[in-house]
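Biologist: Please take me slowly through one part of this model, starting with the words I need, and then set it beside a few other places.

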Amino acid sequence: MIVLGYNGFTRAAGLFRRHYGATGVDRHLLIGHDAAAALVVDGELVAAVEEERLSRTKKTADFPARAIAWCLRKAGISLEHVDVFAFPWSFTRPVVAGMIEEVLAARMPLSGTFDHLHRLGELYTGMLSTEAIHADFVARTGYDVDPNKLVPVSHHLAHAMCGYHVSGVRHAAFLVSDGRAEHASAITGEIHDGVIRQRDRGTVAMRDSLALFYGKVTRYLGFVPNCDEYKVMGLAGYGRPPARNVLLDRLVELHEGGGYSISAPADSQAYGALFDMLFDGSPHTREDFDYRVKVASAVQHLVEAVTAHQVRALAAATGLDTLIVEGGLALNCVANTKMLNQSPFRDMHVSFGASDPGVAIGAALCVAGGRRGGDAVAEHSPYLGPSYDEDDVLAALSARRDEVSWRVVPGGAVADEAAKLLVEKNVVGWFQGPVEYGPRALGNRSILANPQHADIKDIINLRVKRREPFRPFAPVVLEENAPSVFEMGKKNRSPYMTFVFPVREEWRERIPGACHVDGTARIQTVSTRQNAALAGLLRSFTALTGVPCLLNTSFNVAGEPIVASPEDALSCFLRTEIDYLVLGDVIVEKTGGS
């Protein structure tokens, strides 16, 4: 059985811009963002890529025509060979009826009610209905697919299935917490051998979305909601949790069974005024660093308190020892670590596709059928996208021969040569194998540096990434060495940069470039089995320095997707102050004229 999962709508950006003001700073507040495609053949995930990597439009919500075409080419098949097309949105009649009821129940003038219903009607008929989804697929692929082959999967179920299959476990409790799905923002439950059971008491309405509330604070502090929440998380590390959290006290009510409600207006001017009142702020003070830290610390503490409440109830209800957390809020790696360490769960998994890239994978695997019985299988690899051979690399280099020089390192010794470059204060672009999936650079499209240099964060932030100086960087570390450098708590590995751990006291002065201001680091652990090239580089670097980790950040500049092709990598290399570029077994330098 061949199943293609995909996420994205041709009309999403236009409809949300016209009806809901999704433009400028609010441009990502729409359905279908992080468009992607994933192909499952006889139960095996064989290919997956995000549309942004190919279109070069960050967080695009467009129909993933390029991603679908690449997945099919990778498998050597055409659309005619696909048995089912799985789509991670399911706007059934009961779901839409519930959306209409919410509009009717809202306290607003009748004119406002009719306006809301009109906008909802256009969104449904133009984008969300079965007929609109079918028409979009046919128009963008040119393939007149049988409508019965287009199978909708509920958004949160797709999230849960992605996390379940990537984890490799058989039995687990789950928490999916997202900005929004069809009609809810969070669900909880348990999965046994691929069969999911949802808890009614763990469902949280969209109006009470914790992730959307975090996005409101993100926007209030001058950042882009549904994109820059990690900046707020980073800012929170510069402060301490408030002794009394005004956000929790005034706006949040926790309910028995793990539910909660959040009282905050939807309009940006109204919630801006509310936050000004609560924090004694103004449009001017929102730009002040210390003020931003105060507000960020409060909202981060709120997230940690609310998710702890959810997880306690979930643990008590299920009695299971493993937790899967997915959805956009699962990218809050600081909250993830506290969620696990303060809960009865013995282990917790957050996948490489935890945010909306994962729903294409989850929808496909859901339709393809979950595992039932037998031993747990190995977790899926994140290295699922396009790869390029030496001929591709040399062709890209030849097109830039006036700007770069290069040498091919023979005999697989590129790790040793790159490690020597990294001993010094060099910034190295590292390009190997297939493109990794999800929002994190996991060692195939990375920018690497030596964490022993205290000022290396400033160098990369200002000269390479062109982003805010308060932003931390993540260390990548050999899996067997991680517990000796970091206080791992209940974890013994963290392959997807989804947890934060304290750096051990004796290592903080040795790797200052990888320590956040609060002494923590969002680590990626690596083994030879997981990523042989990166593990080999780390072993070579360790042999030279005695330090088993490198600073690892995504190979891109602010506002652009992570690079995919050799041409993308060269373009980024030549537009920044990256010192060297390693493309497979080729080491590249800039010439004097570049």
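Modeller: A helix here is a DSSP run of H or I with at least four residues, a strand is a run of E with at least two, and both are numbered from the N terminus. Keep in mind that the model is predicted. With those words in hand, we can place asparagine 226 in the loop that runs between α8 (210-220) and α9 (229-236). Asparagine 226 is not a glycine, yet its phi is positive, near 60°. Most residues other than glycine have a negative phi. As for its surroundings, asparagine 226 is partly exposed because its relative accessibility is 25%, and the partly exposed class lies between the 20% and 50% cut-offs.

Methionine 497 also has a positive phi, of about 60°, without being a glycine, and it sits in the loop between α18 (482-485) and β17 (500-502). Methionine 497, however, is buried, because its relative accessible area is 1%, and buried means under 20%.

Histidine 116 belongs to helix α5, which covers residues 110-128, and with a relative accessible area of 32% it is partly exposed. Its side chain makes a polar contact, at 3.3 Å, with the side chain of arginine 119. If neighbours within four places in sequence are set aside, histidine 116 is in contact with Val103 and Met108, while its C-alpha atom lies 9.0 Å from that of isoleucine 100, a residue 16 places away along the chain.

Key. Residues are numbered from 1 along each chain as its sequence is written. This is a predicted model: local features need pLDDT of at least 70, side-chain atom pairs count only at pLDDT 80 or more; totals for chains, interfaces and linings use all residues. Side-chain values use heavy atoms; hydrogens and water are left out. Buried means under 20% relative accessible area, exposed over 50%, partly exposed in between (1.4 Å probe, protein chains only). Contact means heavy atoms within 4.5 Å. A polar contact is a pair of N or O atoms within 3.5 Å; within protein, one must be able to donate a hydrogen and the other to accept it, and residues adjacent in sequence count only if both atoms are side-chain atoms.
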